[in-house]
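Student: Could you take me through one part of this structure up close? I would like to see how a single residue sits among its neighbours, and then how that compares with spots on the outside.

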Amino acid sequence: MKIVKPRLSFWQIFNMNVGFLGIQYSFGLQQSAINPIFLFLGAKEEILPILNIAGPITGLIIQPIIGAISDKTWSPRWGRRKPFFLIGAVLGSLCLFAFPLSPALWFAVGLLWILDVGNNMAMEPYRAFVGDKLPDAQLSIGYQMQSLFVGAGILLANASIFLFQDWFGGGQEIEGTVPKWLYYSFFIGSFLSIVTILWSVLKTPEIPPSDEELAEINRHKSLPFMERFKTPFVEISHAVKEMPQFMWRLSAVYLFQWYALFVYWQFITPLFRATLGYDTSQAAAQAAKMSTTYNIVTAVVALVLVPLTMRFGGKKIYALSLLGTAIALFAIPNISDPVYVLFPMVFFGIGWAAMMGIPYSMVSKIVPQERRGVYMGILNMMIVIPMGIQTLTFGPIFKNVLGANSVNAMLFAGGCFVLASILAMRLNIPKGKQDSELDIEIP
């Protein structure tokens, strides 16, 4: 028997997504502070891509496996998805606390691997958690609420970086040492990682599985250990073979979108060393201001995109947002004023809001409930595979094709977004799965 999901209020959807604040604060530090720490500890610019390979590899392995396992999990006390993002939050919290204390580059790189395991363990079941709770008519508002917390979390992380640099920075940079002003941002992230996840866990009960789902879960529990061990891999294999054409088309968009985003995050700090003549601390603070600006925009426009997607269609708003992001990346290297260079981040923020909400809403509507976890894991594989390709290929491209010039790197990323925008126009979902009304009262 199919479970009828109750319509949730605005504040119920809000509380459900609070945990994303802590997860995305951590992600914000990865965007703006991890690569500067690598530079402080002596890394060369051309090896930044390969040092970031932890994210793609852990995402490729962890997310689909955790998704498949959580689909086959149920505890009357702990639920289905909650145990996984609780464990992920604890791992992430410990790593964030230790990161600025890194005594050497190899130690920081190792911590990044563990941090990414924790973040990926929390991220994937959280995406499925929202889909589990909400009826189809409320999926857009649910995932755009997640997008709002994506913006808010990254906004807080990056604001802390440039504020602490301004308040406690200064003095001569010492190679091989992480400046003390960076410590505070990571300690705050360690606290938020646990507290926000606990808020959502305690405020949001999970929906029990149907009798049919529970019977399947119990059947799975009764299997021998090796059979249960193989099940996630078998589930992933079958899900890929039966994957809707929409997701294959989305994978082409994601190839260029996420390749370009990784280029931006890795090279925005080196770019400001070149275009603004800043040292690494100043450039890192300016990069944090860029991220703060676009995440303010994301937090403001995330929910505004819901009625727009209902009126004009998700693919059109998504494609237009990607094109706006391309325009932003083309503009940034050509602006030499630290204030004016923030203006393109309005387009970037609108694009980021669309990227963090619209694709998840569209996919959640077309995949079967009993496989939502594994398909959300596969969707995130489509993110980390382009990132993995970028970490392996962009170092040589940067050095040998782009002349080791961070300006050219940013223009290259803009071109990738143009291609992603064109491909996004191929994303069609069945009419019966499209939103017809805004099924929520927003106070």
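Tutor: Happy to! A helix here is a DSSP run of H or I with at least four residues, and helices are numbered from the N terminus. With that in hand, find Asn-295, which lies in helix H13, residues 280-301. Please keep in mind that this is a predicted model.

Is Asn-295 buried or exposed? Its relative accessibility is 0%, so Asn-295 counts as buried, because buried means under 20% relative accessible area. Now look at what surrounds it. Leaving aside residues up to four places away in sequence, Asn-295 touches Val-150, Gly-151, Ile-154, Leu-155, Asn-158 and Trp-352. There is also a link to Ser-291: the side chain of Asn-295 reaches the backbone oxygen of Ser-291 at 2.7 Å.

Next, turn to the surface. Ile-57, Leu-60, Ile-61, Trp-113, Ile-114, Leu-255, Ile-385 and Ile-389 make a nonpolar patch of about 600 Å² there. Helices H5 (54-71), H7 (105-133) and H17 (372-401) each supply at least two of the patch residues, and H5 gives the most, with 3. Leu-255, another member of the patch, lies in helix H12, residues 245-275. With a relative accessible area of 33%, Leu-255 is partly exposed.

Finally, visit Pro-224, in the loop between helix H10 (211-221) and helix H11 (225-241). Pro-224 has 54% relative accessibility, so it counts as exposed.

Notes. Residues numbered from 1 in each chain as written. Predicted model: local features only at pLDDT ≥ 70, side-chain atom pairs only at ≥ 80, totals over all residues. Heavy atoms only, no water. Buried < 20%, exposed > 50% of the residue type's maximum accessible area, 1.4 Å probe, protein only. Polar contact = N/O pair within 3.5 Å; in protein donor to acceptor, adjacent residues only side chain to side chain. Contact = heavy atoms within 4.5 Å. Patch = residues over 30% accessible without salt bridge, like charges linked within 9 Å, V, L, I, M, F, W, Y side chains within 5 Å. Areas by Shrake-Rupley, 256 points an atom, 1.4 Å probe, with all protein chains shown as cover. Salt bridge = Lys/Arg side-chain N within 4 Å of Asp/Glu carboxyl O.
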